[in-house]
Amino acid sequence: MRLLFMGTPPFAQIVLAHLLDQRFEVIALFTQPSKPFGRTQVLKRSATKEFLQRAHPHIPIFEPTKLDTPLIETIRTLKPDVIVVVAYGKILPQALLDIAPCLNLHGSILPQFRGASPMQEMILKDASEFGVSVIAMNAQMDAGDILGVARVKRKSYMNTEELGALLAPIGAQLLVEILRQPFKPMPQDHTQASYCAKITKQDGLVCFQEAKQVFLKALAYHPWPGVFLASGLKLFGVELVQEQGTHKEGVLLDLEQESALVGCAKGVLRIASVQAPNKQKMRTKAYMSGKRLKIGDVLG
């Protein structure tokens, strides 16, 4: 079976590696172009490209900025039996969907959380179980028939990186099982659909109103955009200490070694480190000393 793989981040890289380990013939990779990264603006390769160049340098790699007609003709000449899409980062035009069956591994239990940020949304919604779905793609976003679903009960709180590392191997195995048998599509219940948008930097803005909400955002938005206050102060190592209890928003309640306990209108957080705009990241206790903040003052 000739597979054309379309995917970009580490989640997709894990799936791609598993397909190759299972002896599937991957005829090409399509991934997002390398992008400038950090202060030096050095070009950073996608996780899938970096992996292929290291482990399977014979497989051709395409980094198109747009899926235009000439590129679609290039894909047609590759003659894929199946196109596998995993967090590629672009909407596929109908002309591409018509070339071969397009299977999408999506990071949620569809029809819940269609859209660009399903794993973040599962964390934000404090879901009791996580999962992935494989669908036969159509022109509508994440609305194709379901070919398979894998679920796992939540055993602990995880950030997005940790959740991706958990779900990617599960999704990869599900995808292998589906590719090795005749497809058995099952229509989604569109009345139960929910949606999630692409994450923006502004999504990381928090206030000390509800401790659990801040904690879940810190998990969901790790590593990007992180969580920060209106002042621009970034918060790191955010832990939920209490869900209940009423305090002045942002009040410094106590120190635990180098961390601070911070009160919210509802609940208490532990914050390990902070970073002021254009400053170095530091432990919260050190930041308090530098700002001459004491217990009873407000962090912000």
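User: In what order do the seven strands of the open sheet stand, and what is the pairing?

Analyst: Strands of a sheet pair through backbone hydrogen bonds, either parallel or antiparallel. In this predicted model, where local features need pLDDT of at least 70, side-chain atom pairs count only at pLDDT 80 or more, and totals for chains, interfaces and linings use all residues, the order is β5-β2-β1-β6-β7-β9-β10, with mixed pairing. Residues are numbered from 1 along each chain as its sequence is written, and side-chain values use heavy atoms, with hydrogens and water left out. Strands (E, at least two residues) and helices (H or I, at least four) are DSSP runs numbered from the N terminus; two strands pair if DSSP finds at least two bridges between them.

User: Which strands stand at the edges of the sheet?

Analyst: They are β5 (61-62) and β10 (146-153); each has a single partner strand, so one side of each lacks a neighbour in the sheet. For β5, two bridges link it in the parallel sense to β2 (residues 25-30), and Leu29 is opposite Ile61 of β5.

User: Which helix packs on the sheet?

Analyst: Helix α6 (residues 160-179) does, touching β1 (2-7), β6 (82-86), β7 (102-106), β9 (129-136) and β10. Contact means heavy atoms within 4.5 Å. The direction of α6 makes about 35° with that of β9; axes are lines fitted to C-alpha atoms, for helices over the stretch in contact, and angles run from 0 to 180 degrees between N-to-C directions.

User: How many residues of β7 are buried, and which lie on each side?

Analyst: In a regular strand the side chains alternate between the two faces of the sheet. Five of the five residues of β7 are buried, that is, under 20% relative accessible area with a 1.4 Å probe, protein chains only. Cys102, Asn104 and His106 lie on one side, and Leu103 and Leu105 on the other.

User: In which sense does β7 pair with β6, and in which with β9?

Analyst: β6 and β7 run parallel, joined by three bridges, and Ile83 has Cys102 of β7 as its bridge partner. With β9, the pairing of β7 is antiparallel over four bridges; there, Asn104 is partnered by Ile135 of β9.

User: Which element gives the largest share of the lining of the second largest pocket?

Analyst: β13 does, with five residues. A pocket is an open set of points on a 1 Å grid over the protein atoms alone, where a 1.4 Å probe fits, with protein on both sides within 12 Å along at least five of seven lines; lining residues have an atom within 4 Å of a point.

Definitions and conventions: Buried means under 20% relative accessible area, exposed over 50%, partly exposed in between (1.4 Å probe, protein chains only).
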